Amino acid sequence: MNEKKNVKKNNKKNDKKYDKKFDMKNDRNHEKKHDNIHGKKYSPASKCPVSGKCGGCSYIDTDYQKQLDMKYDMVKKLLKPYCEVEGIIGMDNPFHYRNKVHAVFAHKKDNTIISGVYKEGTHIVVPVEKCLIENEKADEIIGTIRRLLPSFKIKTFNEDTGYGFFRHVLIRCGHKTGQIMVVLVVASPIFPSKNNFVKALLKEHPEITTIVMNINDKKTSMVLGEREINMYGKGYIEDILCGKRFKISSKSFYQINSVQTEKLYGKAIEFAGLTGKETVIDAYCGIGTIGIIASEKAGKVIGVELNSDAIADAKKNARMNKIENIDFYNNDAGKFMRQYAGMDSADVVFMDPPRSGSTVEFMDSMISIQPEKIVYVSCDPNTLARDLKYMTNNGYKAIRAVATDMFPMTEHVETVCLMSKREK
Ligand code: SAH
């Protein structure tokens, strides 16, 4: 109960700081409007010039404290049958938090190059020069690339005809290290004046630490293709989270809000209450972040993840952090758990599935192992509630939960929930 108050109080306190730092004077007007709250209509008074067109920030014109209240209420309502929610952890500065920025490139009828996002559900490119939630340096670099392309006579790709060359830019920024990776997604491996282009880009942005060419020659809405050629630097970036160093390559999943990720992982590890002896499973482990951070407080850790690039990063991350009590497996979490359940036991399971939530196969096998504690990290409270229903009907009870605002200005919210075995 106290904790619940504390988190709420912190949010209020944070928001005061936030109010001072940012110009909120228009917020009252925005509050009344809520026109584009679901990203549908264009509001001329919006903080964002592409509000309602890009489909991204449905809460952009809602006061930040109100956003937190709405998200907290939603999580509370969904989790009500299972447990209390202790509060929502907000941000001091809820802008420019995205460490991963994507821009699709196209040209207008007069051949002017534009970059931005696809209009929701279409292939029409909405030009974006500055975004209120993206890393500002990344937006600057994208602007420079827009300017450089015509001077190198590089044509953008046309999705309908399949002609052209330059498709997307993906930028990843290390929050603590300041390292920056620029991925240039192109339709063919023959990049005209490749070296001079890289030189020109680095001249304007010496802060870029690596540039990668990714070849995507398919008619697809997927941004990245299979093949990659390193143009400059190491081909990946590193970042530090909760005191551990992580290697992040272009295709691996990495939480997009580093400030909040540290708070989220901190809660997940606190909930697990590790003593140094436990066998821990980190399911849906991505590049191994949660397991690696938990490893110093555990006996041994086993990580499992479907994406092979992420698991390769996870193995390197364990080595880089000199962690010896962790093993990673590249497999579907459900299949892995089924095999594991026949062979071994676990005391704590961290599970961090994608928005679609977990599967009955995974949960049944996990329950058959009977871990003392399950820490569920969820990016969709709807699927969390669905999975909690299943697990609480099968021998577990939810005992603590806290929401974390990983995605300010959007309707998304992250939740950590602790479950333990029900006494028989
Ligand atoms: N725990 C990590 C990753 C969470 S995102 C972190 O905090 O960074 C969810 C992860 O689940 C992604 O890395 C995704 O590739 C992985 N994934 C999706 N479906 C999966 C499945 N069926 N089995 C195992 N991993 C899966």
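Between which two elements does the loop that holds Asn135 lie?

1. Asn135 sits in the loop that connects strand 4 (125-127) with helix 4 (136-151). The coordinates belong to a predicted model, and the remarks below should be read with that in mind. From this loop, the side chain of Asn135 reaches the backbone nitrogen of Lys137 at 2.9 Å. When residues up to four places away in sequence are not counted, Asn135 touches His96, Arg98, Val101 and Cys173.

2. On the overall make-up, the protein has 424 residues, of which 54% are buried, and its secondary structure amounts to eleven helices and 17 strands. Of the contacts between residues at least 6 apart in sequence, 68% join residues that are at least 24 apart. The accessible surface comes to about 19,600 Å², and carbon and sulfur atoms account for 52% of that surface.

3. One open sheet is built from seven strands in the order 4-3-2-5-6-7-8, with mixed pairing. Strand 4 and strand 8 (227-232) are the edge strands of this sheet, each of them pairing on one side only. Averaged over the sheet and with direction ignored, neighbouring strands are turned by 35° against each other. Within the sheet, strand 2 (residues 100-107) and strand 5 (residues 166-173) are joined in the antiparallel sense by five bridges, and His102 has Leu170 of strand 5 as its bridge partner. Two of the contacts of Asn135 can be placed here, since Val101 and Cys173 are among the residues that Asn135 touches, and the ranges of strand 2 and strand 5 are 100-107 and 166-173.

4. A second open sheet has eight strands, which follow the order 1-16-17-15-14-11-12-13, and its pairing is also mixed. Strand 1 (88-89) and strand 13 (326-330) stand at the edges with a single partner strand each, so one side of each has no neighbour in the sheet. At one end of the order, strand 1 runs parallel to strand 16 and is joined to strand 16 by two bridges, with Ile88 standing opposite Ala403. Strand 16 in turn pairs with strand 17 in the antiparallel sense over eight bridges, and here Ala401 stands opposite Cys417 of strand 17. Elsewhere in the sheet, strand 11 (residues 279-283) and strand 12 (residues 300-305) pair in the parallel sense over five bridges, where Ile281 stands opposite Ile302 of strand 12.

5. Two helices should be considered together with this eight-stranded sheet. Helix 6 (residues 258-272) lies across strand 1, strand 14 (348-351), strand 15 (373-378), strand 16 (396-404) and strand 17 (414-421), and runs at about 160° to strand 16. Helix 8 (residues 308-320), for its part, lies across strand 12 and strand 13, at about 170° to strand 13.

6. Is Ala314 of helix 8 buried or exposed? Ala314, which is found in helix 8, has a relative accessibility of 0% and therefore counts as buried. Apart from its neighbours within four places in sequence, Ala314 is in contact with Gly286, Ile287, Gly288, Ile292 and Phe328. The C-alpha atoms of Ala314 and Ile287 are separated by 4.2 Å, although these two residues are 27 residues apart along the chain.

7. The hairpin of strand 9 and strand 10 deserves a separate remark, as there are two residues between its strands and Cys242 takes a positive phi near 45°. Strand 9 (residues 237-241) runs antiparallel to strand 10 (residues 244-248), and five bridges join the two, with Leu241 standing opposite Lys244 of strand 10. Strand 9 is mostly covered, in that four of its five residues are buried.

8. The ligand is surrounded by 16 residues, of which the closest are Tyr265, Glu305, Asp332, Ala333 and Asp352. A polar side-chain atom of Asp332 lies 2.7 Å from a nitrogen atom of the ligand, and a polar backbone atom of Leu306 is 3.2 Å from a ligand nitrogen atom. On the oxygen side, a polar side-chain atom of Thr289 lies 3.5 Å from an oxygen atom of the ligand. Taken alone, the ligand exposes 570 Å², and the protein buries 87% of that area.

Key: Residues are numbered from 1 along each chain as its sequence is written. This is a predicted model: local features need pLDDT of at least 70, side-chain atom pairs count only at pLDDT 80 or more; totals for chains, interfaces and linings use all residues. Side-chain values use heavy atoms; hydrogens and water are left out. Two strands pair if DSSP finds at least two bridges between them. Contact means heavy atoms within 4.5 Å. Axes are lines fitted to C-alpha atoms, for helices over the stretch in contact, and angles run from 0 to 180 degrees between N-to-C directions. Buried means under 20% relative accessible area, exposed over 50%, partly exposed in between (1.4 Å probe, protein chains only). A residue is near a molecule or strand if one of its heavy atoms lies within 4 Å of it. A polar contact is a pair of N or O atoms within 3.5 Å; within protein, one must be able to donate a hydrogen and the other to accept it, and residues adjacent in sequence count only if both atoms are side-chain atoms. Accessible areas come from the Shrake-Rupley method with a 1.4 Å probe; for residues, only the protein chains shown count as cover.
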